[in-house]
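Here's a quick tour of how some helices pack and where the empty spaces sit. Keep the 3D view open as you read.

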Amino acid sequence: MDERIEKLISDLPDPAGARRFLDALAEKHLAASQKLRKNAPLLSDTATIASFSPLLATTLLQNPDYLWWLDRERKHSAVTQKDDLVESLARFSLTHSQLDAPVLFARFRRRELLRIYLRDIRRLATIAEITEELSNLADAILETALKLGRREMDNRYGLPQQLDEKQRAAPAEFAIVALGKLGSRELNYSSDIDLLFLYSGEGSTAGGGVSGDGSDPITNREYFIKLGQYITKLVGSHGGEGGAYRVDLRLRPHGTMGPLAMSVADAVRYYQNEARAWERQVLIRSRTAAGDPRLFKTFFRVVEDLVFSTNQSPEGSLENVRRSKALIDHGRPLRAGYDVKLGAGGIREIEFLSQALQLAYGGHDKWLRNPHTLISLSRLADRGHISKSELAELSAAYEVLRRTEHVLQMENGLQTHSVPDQGQKRSLLARRMEFLGTADYYDTLDALTGAVSRTFTRIFHPLAAPE
């Protein structure tokens, strides 16, 4: 390897990883390697990606044409929106028409992660912009999967119909509702996507199918359950290349015992009459990810005041959240190394602080109702529910914890949240986080998580007496 390239990679967090990538590229794709070496900015960016993520280095080795795609895309500075990603996926599918949809979605997502992660490690976007873009990517894949699913179901069973206000037949509609991190547009690189499937109303399909096979009509409930199953398979199928996402449907009404899809009316009745406090808390972070956004608006308009109740005291709301977190902590397995998500002072505590205070005061103050953690914390500080210094500490901790989570997950594409407890891995993480030294990073992490714990204790301490 020539002196120019050695100088380029010497300051990277993992020069050996970058060197292995460049050597492997020259061995497997000599023409691409020679072309890359003539493009100094792209060479620097791809070596940096390889230094941070062996997973994405492998992606580039398997698909060297992605290098030239990345050369174009890396120059864009704005967050790529869902509609643009839907169009990109449509073009990708035309040039990869031989692929089954689950493989197509997985490969498209992997290609897009090259672009997003480069912006992340180059610090060309805020943590909020990175998580928004990851969420837009999931939305685009879900929207495309829904389109494919509707076409397949309509061909089999005919169009689902319901009666409108004038008792005329009208098409029944469907929405994929995002919950959790996807619901608040704060998805990470290896998040599960928590989904809820809603349809507009009861009725039945026209039968016969577009293909004219003469199949009998089925109920809308049956149709939309089958549609939900089909979408889940397209997005989360674990074939040879894995699914695009792990789909989690356990947060739906009645959990795993409930129907996979529910009408808006049935979902409203559930949250009015049966939902537990933690299930209503989940709806703080909910929105339409794909499908007809009017369905979710209709649903949430009715249940919003159940989520942000004026009938419960702030102390009661905080107690409900404290109990929810205690249940999560009780079932958490012990792992080596600090857990940036579930550990003391971690991401979950920041999220629960935000949600608890929204539930406590959002019933009478609608301005506080916002699903995004950082926006919510800022508004809570404006209203005096946390201090300005607490806001600064929580925001700084959230930034470092989420970037740490991203670096950990994108190393090998694993759903991990544990900071390594071994020497070489600890120092590599500190370098990837761009700290001056290992001690500097871990001292900063301790200080920030300690500040989160102090605020968490201040808010929940009066409620934490033994029962």
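**Helices and hollows**

Helix α16 (residues 347-361) packs with α18 at an angle of about 135 degrees, and their axes are 9 Å apart. Keep in mind that you're looking at a predicted model. Below, we follow α18 to its partners, then look at the cavities and a pocket.

**α16 meets α18**

- An angle of 65 to 115 degrees would count as roughly perpendicular and one over 145 as roughly antiparallel, so α16 and α18 are oblique to each other.
- If you check the handedness, the crossing of α16 and α18 turns out to be left-handed.
- On the α16 side, the residues to click on are I347, I350 and L353, and they meet L394, A397, Y398, L401, R402 and E405 in α18.
- Sort that contact of α16 with α18 by class and you get 7 nonpolar residues, 2 charged ones and no polar ones.

**α8 meets α18**

- Helix α18, which covers residues 388-412, also packs with helix α8 (residues 101-121); the angle is about 135 degrees and the axes are 12 Å apart.
- That angle makes α8 oblique to α18.
- The crossing of α8 and α18 is left-handed.
- From α8, the contact uses L113, Y117 and D120, while α18 brings in R403, H406, V407 and M410.
- By class, the contact of α8 with α18 has 4 nonpolar residues, 1 polar and 2 charged.

**The cavities**

- How many cavities of 30 Å³ or more does the structure hold? There are 2 of them.
- The largest cavity has a volume of about 60 Å³.
- Its lining is made of F52, Y117, D120, I121, R123, R403, H406, V407, R432, M433 and E434.
- Helices α8 and α18 turn up again here, since each supplies at least two residues of the lining of the largest cavity.
- Among the residues lining the largest cavity are Y117, D120, R403, H406 and V407, and you've met these five names in the contact between α8 and α18.
- Split by class, the lining of the largest cavity has 5 nonpolar, 1 polar and 5 charged residues.
- The second largest cavity has a volume of about 30 Å³.
- Around the second largest cavity you'll find R109, L113, L134, L137, L187, N188, Y189 and Y245.
- Which helices each supply at least two residues of that lining? They are α8 and α9, with α9 covering 127-157.
- In the lining of the second largest cavity, 6 residues are nonpolar, 1 is polar and 1 is charged.

**The second largest pocket**

- The second largest pocket holds about 490 Å³ of space.
- It is lined by 24 residues, and those nearest its centre are A106, R109, R110, E241 and G243.
- R109 is worth a second look: it lies among the residues nearest the centre of this pocket, and it also lines the second largest cavity.
- Helices α5 (54-62), α8 and α18 each supply at least two residues of the lining of the second largest pocket.
- Which helix gives the most to that lining? Helix α8 does, with 5 residues.
- By class, the lining of the second largest pocket has 8 nonpolar, 11 polar and 5 charged residues.

Notes
Residues are numbered from 1 along each chain as its sequence is written. This is a predicted model: local features need pLDDT of at least 70, side-chain atom pairs count only at pLDDT 80 or more; totals for chains, interfaces and linings use all residues. Side-chain values use heavy atoms; hydrogens and water are left out. Axes are lines fitted to C-alpha atoms, for helices over the stretch in contact, and angles run from 0 to 180 degrees between N-to-C directions. Helices (H or I, at least four residues) and strands (E, at least two) are DSSP runs, numbered from the N terminus. Angles under 35 degrees count as roughly parallel, over 145 as roughly antiparallel, 65 to 115 as roughly perpendicular and the rest as oblique. A crossing is left-handed if the near helix is turned anticlockwise from the far one by less than a right angle, and right-handed if clockwise. Contact means heavy atoms within 4.5 Å. Ala, Val, Leu, Ile, Met, Phe, Trp, Tyr, Cys and Pro count as nonpolar, Asp, Glu, Lys and Arg as charged, and the others, Gly among them, as polar. On a 1 Å grid over the protein atoms alone, a cavity is a set of points where a 1.4 Å probe fits but cannot get out, and a pocket is an open set with protein on both sides within 12 Å along at least five of seven lines; lining residues have an atom within 4 Å of a point. Grid points are joined across faces, edges and corners, and a volume is the space filled by probe spheres set on the points.
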